[in-house]
Amino acid sequence: MKSLLSILLLLVMISPAGAQGKKRDKVKRKYRSVEAVSATLPSVFIRGAIYNEEYHPLPGATITIDGTAKGVNTNEDGEYLVQGLVTGTARIRVSFIGYKTHTSDIILRAGQNEKNVMLQQDDIHLEPILVSAQKREQQILDVPTAISSVSNNTMTNSHITDLSLMSEFVPGLYIREQGANLPTFVIRGLTSDEVSPSAQPRVSVYFNNVPINRASGASLELYDMDRVEVLKGPQNTLFGRSAQAGAIHFVSKMPTSEFEGTLSAGFGEYGQKEVRGALNVPIIENKLAVRAAGIYSVMDGYVSNTFGGKLMGKETLGGRFSARYHPAWNHHIDLALNYQKDQTPGIAFMSPVFPNTEGVADIFSGVASHEQGAYLGTGKQIFDAILNYKFYINEHNYWSSLTSYRSTQSNARWDGDGTASAAIDMSEDGGATQFYQEIRGNFSNARMNGVMGAGYWWEKADQRYWFSPNEQNLASLMLLPEPRPVTPDGQPVVIPFVPANPEAGIEDPIILPTNHQEDNYSRANNMAAEAFLDVSYQLTRKFFVSGGMRAVYDRYKLNNQADFVGGDPSGLGVLSGNYPNVFFRPGDEQSISKNTLSFTWRGGLKYRISEYGNIYANYSRGRRPNVLQFTSTGEKEVLDAEVLDNFELGFKADFLNRVFLDINGFYQLYKNFQTQAWVAGPENGEFNLLFKDSGKATAYGAEASIRAAVLEKLDIFANYAWLVTSFDSTDVDGMTQAYAGNVFRLAPEQSFNVGLYAHVHILPTIQLFITPSYSWKSHMFFEDANTPGLEQDAYGLLNINGGLEFDKPNIIFSVWSSNVLDQDYATSGGNTGALFGVPTFVPGPPRMIGTKLTWNFGEKEKRRSRTMN
């Protein structure tokens, strides 16, 4: 596959020999011969380019013609085209957050008119935020929906190196990472659960416009990222069938026409070491450029295991290569190859009740007793290739072809009882191969903007659960009146046999094996064909309407088989009814298939108060496809599709180019709410992690964020989220619901994050900087069942990054600390042990301190130098 992609790139580079090329520099127009394409344009039109004081293009800048309803945003090259004008004097207005608004008069003549504009920044200004949520470049102010964007600058200034910390900068978002391959994305209380290879996530994760459907492949390392966009509420129309609750879009840096690079190295507590770098090289001026980036990050782990090794660490190796080729003005070709490999120590599932072998029962002690020692761990390996070709008709109208291949392999082995007992020794291995093709047309004129197209997605995925208990230990969880896996000094409780009990049908004692192995294997073939249309139309100078629809044909097939694979047949399986297994009932391979045709849609209104403020109201419908699954006893289940109706009202405004305020409120109604639940019934042989249909539910709340440039060297930022969730009293059939009145799991009612970025010169070429941030979450449950004790009380985390920056060469020495106040908190509760009455918890990271040295060179050094001076 890698060789094929390299050959394809070479062919693409040499094939457009007949395409029209044109020399240009950073300022000159790069357009095609006007005579060749202007015949179909209106009689009066204006085109040009918008760039900053360094002559770098500004994509997403807003262009309007005063006194008319004409307006566009500049494309990815900072270019614009406004059509349908009349001859005479017109005033053009160009605005972009972080820059002074430019207005100028121009005499429009018949045919083409040109106006290039350089925008200047104020000494005190906000950082411009660019997004592509509506499949075109826009500043965040112009997008009439609840969206946040975490920029590369924010990640650098706040030392954001993992997804959980990044989520603190987005109101309404919570990301939990457990090991290398099990992230949980939560938007407005709705989680991206995945327990079956045919199940689709509620929160869609995208990398450079390509969907990532497996959770194991969505835990991406944040290196050489341009930004991370987070859209809240259903995004099925623009982002596809899996974006029921929202979408998270990772956008990596792509090659530019300038030589630049960065290299950093750092170390910290718990054996942390990291090296990362990026290099951008132009090959053919204004035509071909390449970029390479990589990372190696390792940490021993912050929990020691008395059976050897560490837990809660990481080891990540990642690399990315991208190329951008513009053989002619109307041909844009991007290629991106991405590889990531993670191999981390095991997850510390710790019991708050049963002690470790040192006699301590404290999940924050930093010491666990997991009997498999160094065999525990999680890992994954990802490779993906993305080819994006755009054919431009003019600045804002083009066709694009997005082709992607993605392969993911993952593994995990964990101690489910959280003690020295060998009662629950489990592993999960999975893999997925994905192909994605999308053809999209972007269209735009002075009043209408939109996208239309079709896509095809195919996936082959598999999942294997392996269970290997010492049944003489497992019996302490299944046979005792109160589960008790270990003694007060942390040693395993041993029950060598089940005594005879004729009344229960046990005529002779059952000897329990110490070595038993069984597995449950599932494989799925998933396919979806989609067609979509999304349009926004400017009714007047102030009012805009928008709407969209997506039609999806889904086809899923899930196969399942359980087997006895090693050791001795189960003794406890005689009692559970799953003999010769205890957990998964053996049987012939079975299959479930489901084909559906579904529609999702949205509609919205926007009122433009001015070029600096908007009010919007939206309705959208989201849908999660049917879930296909098998119980541990081999029973087939197909859950109805989950449906979400979302209503939201919002306000965005920029005040004096120094304060940006974003506020929204929402109300959401759920039908066929799919709850992830641990279901145990030893009496009938059921031990499951399944989706259950919990009927109807409701959520509502509000979110706000603010960024302010207080002084030339001082910026502040804050966000706040209020969320109320509840399962309704009755389901769609009017029956009482089991979870009536419960709140959603991992859904704190209140949360906020506040921080600042301050920098000051202590010498002409040395700058001191500091970025503290504090995040807080109120109480939350770990399960939708709201089980008492499986919860986390309110807690707050303080993080600080600061240091010195030197000019020419641009070298940054920084010191960082996470969880400065050493707050104790858990990231997970319940887990596999909850099946047997011995729930476990995963402790969050303690205080950590580290340091990093960064060298920026080339054009990046020049930009940093201009920022300092």
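Trainee: What makes Lys100 and Asp122 a salt bridge?

Mentor: This is a predicted model, so every value here is computed from it. The side chains of Lys100 and Asp122 meet with N and O 3.9 Å apart. The cut-off is a Lys or Arg nitrogen within 4 Å of a carboxyl oxygen of Asp or Glu, so the pair counts.

Trainee: Which parts of the chain does that pair tie together?

Mentor: Lys100 lies in the loop between strands E5 and E6, and Asp122 in the loop between E8 and E9, so the bridge links parts 22 residues apart in sequence.

Trainee: Why is Lys100 called partly exposed?

Mentor: Its relative accessibility is 39%. Buried means under 20% and exposed means over 50%, so Lys100 falls in between. Asp122 has 23%, so Asp122 is partly exposed as well.

Trainee: How do you know that Arg214 and Glu459 form a salt bridge?

Mentor: Their closest N and O atoms are 2.9 Å apart. The limit is 4 Å, so the pair passes. Arg214 sits in the loop between E16 and E17 and Glu459 in strand E30, so this bridge ties together parts 245 residues apart in sequence. Both Arg214 and Glu459 are buried.

Trainee: What makes Asp425 and Arg413 count as a salt bridge?

Mentor: Their side chains meet at 2.7 Å, N to O. That is within 4 Å, so they count. Asp425 is in strand E29 and Arg413 in strand E28, so parts 12 residues apart in sequence are tied together.

Trainee: Why is Asp425 called buried?

Mentor: Asp425 has 3% relative accessibility. Buried means under 20%, so the word fits.

Trainee: How many salt bridges does a search of the whole structure find?

Mentor: The search finds 28.

Trainee: How do you know that Arg136 has no salt bridge?

Mentor: The nearest side chain of opposite charge is Asp534, 6.4 Å away. A salt bridge needs a distance within 4 Å, so Arg136 and Asp534 do not form one. Arg136 is buried all the same. Arg136 lies in the loop between strands E9 and E10. It touches Val131, Asn442, Asn449 and Ser536, leaving aside residues up to four places away in sequence.

Trainee: What makes Leu533 partly exposed?

Mentor: Leu533 has 42% relative accessibility. That value lies between the 20% and 50% limits, so partly exposed is the right term. Leu533 is in strand E33. It belongs to a nonpolar surface patch with Phe391, Ile393, Trp399, Ile439 and Met452. Together they have about 520 Å² of accessible area.

Trainee: Why are E44 and E45 called paired strands?

Mentor: 9 bridges join E44 to E45, which run antiparallel. Pairing takes at least two bridges, so they qualify. Phe717 stands opposite Gly755 in E45.

Trainee: How do you know that E45 and E46 pair?

Mentor: They share 10 bridges in the antiparallel sense. At least two are needed, so they pair. Ala758 stands opposite Ile770 in E46. E45 and E46 form a hairpin with 2 residues between them.

Trainee: Why is Asn786 called buried?

Mentor: Asn786 has 13% relative accessibility. The limit is under 20%, so Asn786 is buried. Its phi is near 55°, a positive value in a residue other than glycine. Asn786 is found in the loop between strands E47 and E48.

Notes: Residues are numbered from 1 along each chain as its sequence is written. This is a predicted model: local features need pLDDT of at least 70, side-chain atom pairs count only at pLDDT 80 or more; totals for chains, interfaces and linings use all residues. Side-chain values use heavy atoms; hydrogens and water are left out. Helices (H or I, at least four residues) and strands (E, at least two) are DSSP runs, numbered from the N terminus. Patches are made of residues with over 30% relative accessible area and no salt bridge: like charges are joined within 9 Å, nonpolar side chains (Val, Leu, Ile, Met, Phe, Trp, Tyr) within 5 Å. Accessible areas come from the Shrake-Rupley method with a 1.4 Å probe; for residues, only the protein chains shown count as cover. Buried means under 20% relative accessible area, exposed over 50%, partly exposed in between (1.4 Å probe, protein chains only). Lys and Arg count as positive and Asp and Glu as negative; His and the chain ends are not counted. Contact means heavy atoms within 4.5 Å.
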